[in-house]
Amino acid sequence: MIDIHLIGENIRRERKRQLLTIERLAEKAGITDNFLGKIERGEGMPSLPTLDSIACALGVSMDFLKGNAPPAPERTFITSLMEINGLSDENKEKFMDFISSNIKYFK
């Protein structure tokens with residue numbers, strides 16, 4: 001059975017992680033922002049083609065939206081890079097120094 005509340009939560013989480021507005025994601029998926037809002041709140045049951053359009057617009061699988069697939073390692077890495085990008089310049093430099101001095105232990 002499809003848990004529309006879980007799907008909505010996963011869509012919202014991924015949309016926010018990608019820094020997309022609800023309007024922008026709806027446009028990319030070819031649906032209205034009002035309908036996307038309902039889906040995110042678990043109030044609207046989208047068709048499978050609509051879910052596929054949303055998944056494609058987010059660059060994730062439908063299994064990911066349904067909560068059945070862990071994020072790919074590349075996705076986790078990109079998320080980490082986005083978090084690093086949010087650091088102050090001073091903290092970015094400290095982080096890069098830490099990585100540079102410890103990378104030899106992973107070779």
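## A walk from a buried glutamate outward

At 4% relative accessibility, E14 counts as buried, because anything under 20% falls in that class. This is a predicted model, and E14 makes a good starting point for exploring it. The side chain of E14 meets that of R17 in a salt bridge, with 2.8 Å from N to O. Both residues belong to helix α1, where three residues, or about one turn of the helix, separate them. R17 is partly exposed, since its relative accessible area is 22%.

Let us stay with helix α1 and look at R15. Here the partner is E40: the two form a salt bridge whose closest N and O atoms are 2.6 Å apart. E40 lies in helix α3, which covers residues 33–40, while R15 lies in helix α1, so this pair ties together parts that are 25 residues apart in sequence. E40 and R15 are both buried.

The structure holds seven salt bridges, and another one to find is the pair R41 and E43, whose side chains meet at 3.3 Å, N to O. R41 is partly exposed, with a relative accessible area of 41%, whereas E43, at 53% relative accessibility, counts as exposed. Salt bridges can also share partners, and in this way R12, R15 and E40 are joined into one network.

Now let us step back to the two helices themselves. Two packed helices are described by the angle between their axes and the distance between the axes. For α1 and α3, the angle is about 120 degrees and the axes are 7 Å apart. On the α1 side, the residues that take part are I4, G8, E9, I11, R12 and R15, and they meet L36, I39 and E40 in α3. Sorted by character, the residues of this contact divide into four nonpolar, one polar and four charged. The salt-bridge partners R15 and E40 are thus also part of the place where α1 meets α3.

Which residues surround I39? This residue of helix α3 is buried, with a relative accessible area of 0%. Leaving aside neighbours within four places in sequence, I39 is in contact with I4, G8, I11, I31, G44, P46, T50 and I54. Take G8 from that list: I39 and G8 are 31 residues apart in sequence, yet their C-alpha atoms are 5.4 Å apart in space.

For the last stop, let us move to the surface. L19, F77, I78, L81 and M82 form a nonpolar patch there, with about 510 Å² of accessible area together. Two members of the patch are worth a visit. L19 is found in the loop between α1 (4–17) and α2 (22–29). With 70% relative accessibility, L19 counts as exposed, because the class begins over 50%. The backbone of L19 also deserves a glance: its phi is positive, about 60 degrees, although L19 is not a glycine. I78, in turn, is found in helix α6, which runs over residues 73–85. I78 is partly exposed, with a relative accessible area of 43%. The patch therefore brings together a residue from the loop between α1 and α2 and a residue from helix α6, both listed among its members.

Terms used: Residues numbered from 1 in each chain as written. Predicted model: local features only at pLDDT ≥ 70, side-chain atom pairs only at ≥ 80, totals over all residues. Heavy atoms only, no water. Patch = residues over 30% accessible without salt bridge, like charges linked within 9 Å, V, L, I, M, F, W, Y side chains within 5 Å. Areas by Shrake-Rupley, 256 points an atom, 1.4 Å probe, with all protein chains shown as cover. Salt bridge = Lys/Arg side-chain N within 4 Å of Asp/Glu carboxyl O. Helix = DSSP H or I, 4+ residues; strand = E, 2+ residues; numbered from the N terminus. Buried < 20%, exposed > 50% of the residue type's maximum accessible area, 1.4 Å probe, protein only. Axes fitted to C-alpha atoms, helices over the stretch in contact; angles between N-to-C directions. Contact = heavy atoms within 4.5 Å. Nonpolar A, V, L, I, M, F, W, Y, C, P; charged D, E, K, R; others polar.
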